[in-house]
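Biologist: Please take a close look at one part of this model, the interface between its two chains, and describe how it is built. A word on the second largest pocket would also be welcome.

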There are 2 protein chains.
Amino acid sequence: MNLPPVIQAFVLHFGEMGSRWGINRTVGQIYALLYVSPEPLCADDMVDRLGMSRSNVSMGLKELQSWNLVRLMHKPDDRKDYFTTLGDIWQIVRTLVEERKKREVDPTLSVLRELLMQNPAMADEQHAQDKMREMYEMIEMLCGWYDDVRRLETDRLIQLLSLGAKVQKILEVKDRLFALPGGRSKASAEKEG
Amino acid sequence: MNLPPVIQAFVLHFGEMGSRWGINRTVGQIYALLYVSPEPLCADDMVDRLGMSRSNVSMGLKELQSWNLVRLMHKPDDRKDYFTTLGDIWQIVRTLVEERKKREVDPTLSVLRELLMQNPAMADEQHAQDKMREMYEMIEMLCGWYDDVRRLETDRLIQLLSLGAKVQKILEVKDRLFALPGGRSKASAEKEG
DNA sequence: CACATATTTCAGAAATTTCTGAAAGTTGAG
DNA sequence: CTCAACTTTCAGAAATTTCTGAAATATGTG
């Protein structure tokens, strides 16, 4: 590896982290390097700096493109392909979540849905299906929330995050304010959508 | 494998999913089987039903215990160890998130913190550190939010999730209600915590 | 303690994943 | 079309991870 120490440490760490997630070590390293680079890099730059084979870099870049994590660019009068990461850190997180959902959560939901349609042939299967339904409903709820939240603009999202659980308190205050004795208040109507 | 078809399909799916996460295939299968079982199982039950070696089951259970995902039990007059999953699905999700944070997010934060202390020796390192800081702050914000939300009781959490982004609207309503011309309102005071 | 029942460890086999160099493919310029 | 510059593919090598059987360890019972 041929990198300044701080960058090398960062790249190595993300290589390790990558291998804990589905992404492999070299893909993690390539991405980390691109993330901290001030300029787009071409494959040969990465070969030099990361010390891996040209073909490995090529495969890694292909995978990163399939994750929508990297953008292909060109420089004028240069036939090489250059790459950069895509968007700011929040956009990166959004993309990561979106892609992982697509690859992991959605297929799981569809397996569960299918299994829940089967007729249980015995008590154990019945019980298993009940547990699967519990899981299915939990995932659906998280997906519904995600589907709402992903549409927020980033500064709204940040605002919401900084609020944390204080939302609860605000809801309580609001409920008290709008509460009408024995009636369905405007607040609860809104809360229930 | 020696399992009813619906359960087998579930177990196989979670095996595959497990291998996309850090968890390996057989550990995923063991957990899936325990999750849908009405009764605690002993290691030999798992050997029978999953068709893997006794030692493999033993190692898998050890790993699941280290993740706090499985509880060891005993039956009266029986020397075998029995195992169950731990808590309802929401508790399981909490545990998973907590453990993954501990193993993946916390170490990353500490690497980043350390790298941000270094003196940049050149422009590229300076730029890299800026990007790392951006990432560090994003992770800190997510952790802060998580730290708030994890304390909520499950039904409060569910309530919050079903609310989704509608929280935003409620905030807007609230801001409008409390807004005093030119003044720091009770609402904004609360929002800023 | 001796024995039977259980669980864990661990060295190496088996399987899977990652990585490489060589060859094939692509593309723009002359 | 031909060449040079560049990228991709892919078969097999290398590395890593997973899995197993055999041996070691632990534990309750008489």
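**The interface of chain B and chain A**

Modeller: In this predicted model, about 6600 Å² of area is buried between chain B and chain A, and carbon and sulfur atoms give 73% of that area. The size of an interface is often given as the accessible area lost when the parts come together. Within the area that chain B buries against chain A, B:Val6, B:Trp145 and B:Gln168 supply 9%, more than any other three residues. Counted by residues, 69 of chain B are in contact with 69 of chain A.

As for polar interactions, 14 residue pairs are in polar contact across the interface of chain B and chain A, with both residues at pLDDT 80 or more. Salt bridges between chain B and chain A number 0, whereas the whole structure, over all chains, has 19.

The side of chain B that touches chain A draws two or more residues from each of these elements of chain B: helix H1 (5-20), helix H2 (25-36), helix H5 (89-117), helix H6 (123-149), helix H7 (154-163), helix H8 (166-178) and helix H9 (186-191). Of these, H6(B) gives the most, with 15 residues. Sorted by class, this side of chain B holds 40 nonpolar, 12 polar and 17 charged residues.

The second largest pocket may be described in the same manner. About 180 Å³ of space lies in this pocket. Its lining consists of A:Cys42, A:Ala43, A:Asp44, A:Arg54, A:Ser58, A:Leu61, A:Lys62, A:Gln65, A:Lys80, A:Asp81 and A:Phe83. Two elements of chain A, helix H3 (43-50) and helix H4 (54-66), give two or more residues to the lining; the largest share, 5 residues, comes from H4(A). By class, the lining residues of the second largest pocket divide into 4 nonpolar, 2 polar and 5 charged.

Among the residues that line this pocket are A:Asp44 and A:Arg54, whose side chains meet in a salt bridge at 3.5 Å, N to O. A:Asp44 lies in helix H3 of chain A and A:Arg54 in helix H4 of chain A, so this pair ties together parts that are 10 residues apart in sequence.

Definitions and conventions:
Residues numbered from 1 in each chain as written. Chains lettered and ligands numbered in written order. Predicted model: local features only at pLDDT ≥ 70, side-chain atom pairs only at ≥ 80, totals over all residues. Heavy atoms only, no water. 1 Å grid on protein atoms, 1.4 Å probe; cavity = no way out; pocket = protein on both sides within 12 Å on 5 of 7 lines; lining within 4 Å. Points joined across faces, edges and corners; volume = space filled by probe spheres on them. Helix = DSSP H or I, 4+ residues; strand = E, 2+ residues; numbered from the N terminus. Nonpolar A, V, L, I, M, F, W, Y, C, P; charged D, E, K, R; others polar. Contact = heavy atoms within 4.5 Å. Buried area = accessible area lost by both parts, 1.4 Å probe. Salt bridge = Lys/Arg side-chain N within 4 Å of Asp/Glu carboxyl O. Polar contact = N/O pair within 3.5 Å; in protein donor to acceptor, adjacent residues only side chain to side chain.
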